Amino acid sequence: MSYTMKKLLPSIFISIGVIVVTLVLYLFQCKVIDFNDNELSVSEHEMRVDINEDGSMYIVEDVTLELDSYWNYVIKDIGYAKNEKVEDQLGFEINNARSTFDEGSFVCRVYNEKGKEIKPNILNNYDLDQSKYRSFKISSPGNFVTGVRMHYEYRILNAVTVYEDVAELNWILIDYWDYLTSDIDIDINLPATTDLSSVKFFGHGVARKNAVEQNGRNFDIDIDKLHSGELIEVRILFNKEAISQVDESKIVHHDAKEAILTIEENIALEQAALRKT
């Protein structure tokens, strides 16, 4: 080995060592978005929910994430199952009226903190029960930093349950999360043929009446903060004729309106009692 080569070896090893250490430190500061991590929060969450005449629900979400450092990827979980308590509450099954996820409907766009669109990589995530959830792993060529905005679009088929005497949307729009969400704005739009005199709105969780404004067939839910463990659930009753394009096989051949009104009345009484204690 020549003297020149011997001279170079120590500096080469030092350079390689510096690169390895730098890479390790970089990887340690990059994280996966774990929704149980207190170092994540949402500074703005906008949601538009369009109820269609076939009973499907098209949802558009814009979520701005506040992150403590660099993050590798985002997991987007979408619950598409109806409220499992309904059958117990009403005393009959709604098997034929189960909701399903429109597999080809999912759209995701990502915008960095400066508003520039980033092309994401999207993979299916199979960690959750596929009969109730669809989950997507979203990454990008770089890493996500604070201020990144996630734009989602997707469709849930047969979200509305059509009974013999009424149509019902009973849905948890935002589930129990383990992080703080601020500035929540949800717009729900019923079909154009909805008879406004038939509409009855019930909010559960944080979606209480003083946070909801009705304007015709539109409901606007504005909430300043949603804390860990809180949810937003709605139940809307309206005339079944508004779901004019429903698949006949999906109709539940039972009356349900009076039973649902009684259920909601009892829930309201329970909540009032709790407030007094």
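Buried here means under 20% relative accessible area. Keep that cut-off at hand, since a salt bridge in this predicted model has both of its partners on the hidden side of it: Lys 76 is buried, and Glu 61 is buried as well. The closest N and O atoms of Lys 76 and Glu 61 are 3.0 Å apart. Lys 76 belongs to strand S4 (residues 70-79) and Glu 61 to strand S3 (residues 57-67), so the contact ties together parts that are 15 residues apart in sequence.

That pair belongs to a wider set, with the count of salt bridges coming to 8. As a reminder of the principle, side chains of opposite charge can pair when their charged atoms come close. Take Arg 134 and Glu 103, whose side chains meet with an N to O distance of 2.6 Å. This one links distant parts of the chain, 31 residues apart: Arg 134 is in strand S9 (residues 133-144), while Glu 103 is in the loop between strand S5 (100-101) and strand S6 (107-111). Arg 134 has a relative accessibility of 14%, so Arg 134 counts as buried.

Arg 48 gives you another case to look at. Its side chain forms a salt bridge with that of Asp 50, at 2.9 Å from N to O. With 36% relative accessibility, Arg 48 counts as partly exposed. There is also a network of salt bridges, which links Glu 168, Arg 235 and Glu 264.

Now for the sheets. Strands of a sheet pair through backbone hydrogen bonds, either parallel or antiparallel. One open sheet here has 4 strands in the order S11-S12-S17-S14, with antiparallel pairing. Which strands stand at its edges? They are S11 (161-162) and S14 (200-205), each with a single partner strand, so one side of each has no neighbour in the sheet. For S14 that partner is strand S17 (residues 232-238), and the two pair in the antiparallel sense over 6 bridges. If you want a register point to click on, Gly 203 has Val 234 in S17 as its bridge partner.

Just before S11 you can stop at Asn 158, in the loop between strand S10 (149-157) and S11. Its phi is near 60°, a positive value in a residue other than glycine. Asn 158 has a relative accessible area of 8%, so Asn 158 is buried.

Next, follow strand S16 (residues 218-226), which has pairings with S13 and S15 to trace. Strand S13 (residues 181-189) pairs with S16 in the antiparallel sense over 8 bridges, and Thr 181 stands opposite Leu 226. Strand S15 (residues 212-215) also pairs with S16 in the antiparallel sense, over 4 bridges. In that pairing, Val 212 has Ile 221 as its bridge partner, and Asn 215 stands opposite Asn 218. S15 and S16 make a hairpin with 2 residues between the strands, where Gly 216 takes a positive phi near 65°.

Several residues of these strands are worth a closer look. Gln 214 sits in S15 and has a relative accessible area of 43%, so Gln 214 is partly exposed. Measure along the chain and Gln 214 is 13 residues from Phe 201, with 9.1 Å between their C-alpha atoms. In S13 you find Ser 182, which counts as buried at 14% relative accessibility. The C-alpha atoms of Ser 182 and His 227 are separated by 8.6 Å, with their positions 45 residues apart along the chain.

What phi does Asp 183 take? It is positive, about 55°, although Asp 183 is not a glycine. Asp 183 lies in strand S13 and is partly exposed, with a relative accessible area of 43%.

Asp 183 also brings you to the surface charges. Together with Glu 46, Glu 213, Asp 222 and Asp 224, Asp 183 forms a negative surface patch. Membership in such a patch requires over 30% relative accessible area and no salt bridge. Asp 222, which is found in S16, is a handy example: it counts as partly exposed, at 42% relative accessibility.

How values were computed
Residues numbered from 1 in each chain as written. Predicted model: local features only at pLDDT ≥ 70, side-chain atom pairs only at ≥ 80, totals over all residues. Heavy atoms only, no water. Patch = residues over 30% accessible without salt bridge, like charges linked within 9 Å, V, L, I, M, F, W, Y side chains within 5 Å. Areas by Shrake-Rupley, 256 points an atom, 1.4 Å probe, with all protein chains shown as cover. Salt bridge = Lys/Arg side-chain N within 4 Å of Asp/Glu carboxyl O. Lys, Arg positive; Asp, Glu negative; His and termini not counted. Charge placed at Lys NZ, Arg CZ, Asp CG, Glu CD. Buried < 20%, exposed > 50% of the residue type's maximum accessible area, 1.4 Å probe, protein only. Pairing = 2+ DSSP bridges.
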